[in-house]
Each structure stands twice: as structure tokens, then as C-alpha cells.
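The exercises below concern internal spaces and helix packing in a single structure. Each task is followed by a solution that proceeds step by step.

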Amino acid sequence: MKKHSARVAPLSACNSPVLTLTKVEGDEHSRDSPATTEAQSHAGMEAGGRGSRCCWTCSVTQLKKFFWGVVVVLGVCSSWSGSTQLAKLTFEKFDAPFTLTWFATNWNFLFFPLYYTGHVFKSAEKQSPQQRYRECCRFFGDNGLTLKAFFTKAAPFGVLWTLTNYLYLHAIKKINTTDVSVLFCCNKAFVFLLSWIVLRDRFMGVRIVAAILAIAGIVMMTYADGFHSHSVIGIALVVGSASMSALYKVLFKLLLGSAKFGEAALFLSVLAVFNVLFVTCIPVILYFTKVEYWSSFDAIPWGSICGFSVLLLTFNILLNFGIAITYPTLISLGIVLSVPVNAVVDHYRSDIVFNSVRVIAIVIIGLGFLLLLLPEEWDEWLIKLLTRLKVRKKEEVPEGNGDIVSGLQNKSRRTRPSMSSFTH
């Protein structure tokens, strides 16, 4: 008696599995019965249905991810450009960039409460705030958030965070928001250079080209205003802010590695605690020394200050947690798109001159930023794509030639007289 056992060979999710038969006993020349053949065809139809449903599910998931990516890009672009414009508007009535930096950083305390609210709504296994806090504290070490961990793993990043935001806001006072936003895009080139030197990341020629383009764009942006002291100082402040941001990211990866969403939320909230405890004295000193002085608290534009803080908080939330719903590359595109938005606003609000040098500098820096978004395997993907195109071209050419040759042969056969015609 013949015995057969069915085995499904797994393939990719969007392909139909193939039902194969493995013979255990019996004759080598055995044939399948009609019932077995019918079972195979029925199973194949079911497998094909599962494969098509899987393909449909994959495409819907990708469409949803792309849709949320567009939403996140618009959110990043609007929050970043909106916070920049509100900061410029605030300095017309409240000339205190460090105080504004201190006030906006305090809002980081909301990161962990907002994260825990999302955890309660989405997680199947809900934890108490104390349990979630203790679990996220493991990011700082086995002993949790101790005093030593606070000063060694959080305080340095609190200083870099404050310097990054203060230099950026101080630059907005000196130059227009378009130049500030486009020059800050150079921080991605600085991240690559520092990662290559400090973290020994993979060398990529295209990213070296992007870094060169960023440096060339900085020089051209300085030349666009004729090397005036006011614009040179503003450009130097933005470049310093981009450098501090790059140093923050590289040191975070070097000292702390990667963080989960809850750990990142807790870390940013801890930065707000550091800001309240150790940075509060600086705005007070600046106020009494009249470096950053305002006549009365009623004269402070609380609306624009709070609006700036909310937009900056939104930007940081999307930047740190948007990866949960979309692709990281799309999030980075939102920063680039903020440059034309600021340019349009500056065109109507200020007397900025978009001469050829400034436009070329903006394009060069934007191109360098886009080159830095290329994945590390982009060259392999490009080689594979070119190889496939060459193979297809080679396959099409012989087939076409074969059709032409066969057509000519058939034509010659039809026109050639047969031997039977001569016999008559």
C-alpha cells in the first residue's frame, strides 16, 4: 500500500506556499490517486487565497504607515517652522533668549506623563506609574536613577540641550529665520563626521560629499550678506548650535546606547528636572545684571512664549516618538521642508534678499542633507538595480532578434518555389 505525507514549503508572505509530497514507502513509479490530486488543488487554492490576503494586508499596512508618515512630516515641518517664527516674534517684545530657553526646557517634564498616558490607553498589560518608572529607570543602570547616575549620565546632556537651544534662539535675533533653519540642517553632517571619528562608523563616500556640501553652503551663506559682523556672528551661533546638537546625539549613542520609548521619555523629563535645579539661577543672574531685563511681568508676551514652548515640545515628541508609526527618513524630511516655509514667511515679513548666492547656498545645504538620508546599503541596492536592468535588456534583445530572424526565414520559405512545381 502506498503512503504519502503532505508538507507545505514556506515562502515569502506574499507568495503562495507550494504543496509538495514526500514519499515514505512504495514503488518509485507510483502515481497519485484522483482524490489526492483534488486535495492538492483544493489546498493550493486555499494557500493562494491566504497569500493574496497576506499581500492585501501588507499593502494596507504600508499605506497606513505612509499616510501617518505624511501626517508626521507635516507636523514636524509646521511645529519646527512655527516655533522658529514665534521665537522671532517674541524677541520683538521680550529680548531674553536664555530665559526663553529655560522656560521652554521646563516643558520637557511632560514627556514621561504623556508617555504613561499613551501606555495606559494602548498597552494590554497596564502598570502603575511607580512600576513603569522603576522599569524605565533601568536605562540609567542596575541601581536605577541614583545621584551618581544623575550627574554622570543626565547632567552633561542637560548642558548640551541648553546650549543647543540657546545658541539657536540667540542666532534668530541676529539673522533671518530662513538662514537659521537651513544652517541648522548641517547638524546631520556633523553627526556623521563625529560618528565616523568617535564611534568608528562605516565610511561612506557620499556622506563625505554631503559634509563638504554643508561646509561649502555655510561659507556661501556667509558670503551672501557680504561678511558683515552681524551676519557672521549669527551664522557662527547657528553652526555652534548644530555642533552641540551633533555632539549630544553622538555622546548619547556612545555613553547610553539606544533607548526604548519609555526610557527616552523619562530621560527627557529628567533633563527638565536638571534644568529647574541647576539652570534656574542663570536667568535670575541675567535679570539682575540687566543682560536680559524686562520692565514688568505684565509686559512679557506670555501667549507667544507659551506657543513657542508648546510647538517646540510637539516637535521633540514627533522627532523622538514618530518612528513608532512611520519611517525615520520621512521624519527628517519635515526639517528640510521647514526651510521653504520660513523663506515664504520671511519674504512677506522681513526685508530678506534672495540673491543667487543665498539661493545656491540653500540648495547645496539641502542637497547635502538629502544625501545624508541615504541608507548605508544604497550602493548595493543601486548595483542590484543596474544589474537587473542589464539582464532584462540582454533578455529582450535576443528575443527580439530571434523573432526577426524567424520571420525572415518564414518569409523566405513562402517565397521559395517547391520542387513539386518543377515536376509538372
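**Exercise 1. The largest cavity**

Identify the residues that line the largest cavity, and establish which elements supply them and of what class they are.

*Solution.* Step 1. In this predicted model, the lining of the largest cavity consists of T101, A104, T105, N108, W161, N165, S309, L312, L313 and N316.

Step 2. Two or more of these residues come from each of α2, α5 (147-174) and α12. The greatest contribution is that of α12, which gives four residues.

Step 3. Sorted by class, the lining has six polar and four nonpolar residues, with no charged residues.

Step 4. The volume of this cavity is about 40 Å³. The structure holds one cavity of 30 Å³ or more.

**Exercise 2. The packing of α2 and α10**

Determine how the axes of α2 and α10 are arranged, and name the residues through which these helices make contact.

*Solution.* Step 1. Helix α2 comprises residues 97-106 and helix α10 residues 261-279; their axes come within 8 Å and cross at roughly 140 degrees.

Step 2. Angles over 145 degrees count as roughly antiparallel, and those from 65 to 115 as roughly perpendicular. The crossing angle is therefore one that makes α2 oblique to α10.

Step 3. The crossing of the two helices, α2 and α10, is left-handed.

Step 4. On the α2 side, the contact is made by F98, W102, T105 and N106, and on the α10 side by A272, N275, V276 and V279. Of these, T105 also appears in the lining of the largest cavity.

Step 5. The contact of α2 with α10 includes five nonpolar and three polar residues, and no charged ones.

**Exercise 3. The second largest pocket**

Describe the second largest pocket by its volume, its lining and the elements that contribute to that lining.

*Solution.* Step 1. The volume of the second largest pocket is about 450 Å³. Its lining comprises 15 residues, of which Y115, K122, F261, F321 and A324 are the closest to the centre.

Step 2. Helices α3 (111-122) and α12 (302-321) each provide at least two residues of the lining. The largest share, six residues, belongs to α3.

Step 3. By class, the lining of this pocket divides into 10 nonpolar, four polar and one charged residue.

Step 4. Comparing the elements shows that α12 takes part in the lining of the second largest pocket and also in that of the largest cavity.

Note on methods: Residues numbered from 1 in each chain as written. Predicted model: local features only at pLDDT ≥ 70, side-chain atom pairs only at ≥ 80, totals over all residues. Heavy atoms only, no water. 1 Å grid on protein atoms, 1.4 Å probe; cavity = no way out; pocket = protein on both sides within 12 Å on 5 of 7 lines; lining within 4 Å. Points joined across faces, edges and corners; volume = space filled by probe spheres on them. Nonpolar A, V, L, I, M, F, W, Y, C, P; charged D, E, K, R; others polar. Axes fitted to C-alpha atoms, helices over the stretch in contact; angles between N-to-C directions. Parallel < 35°, antiparallel > 145°, perpendicular 65-115°, else oblique. Left-handed = near helix turned anticlockwise from the far one by under 90°. Contact = heavy atoms within 4.5 Å.
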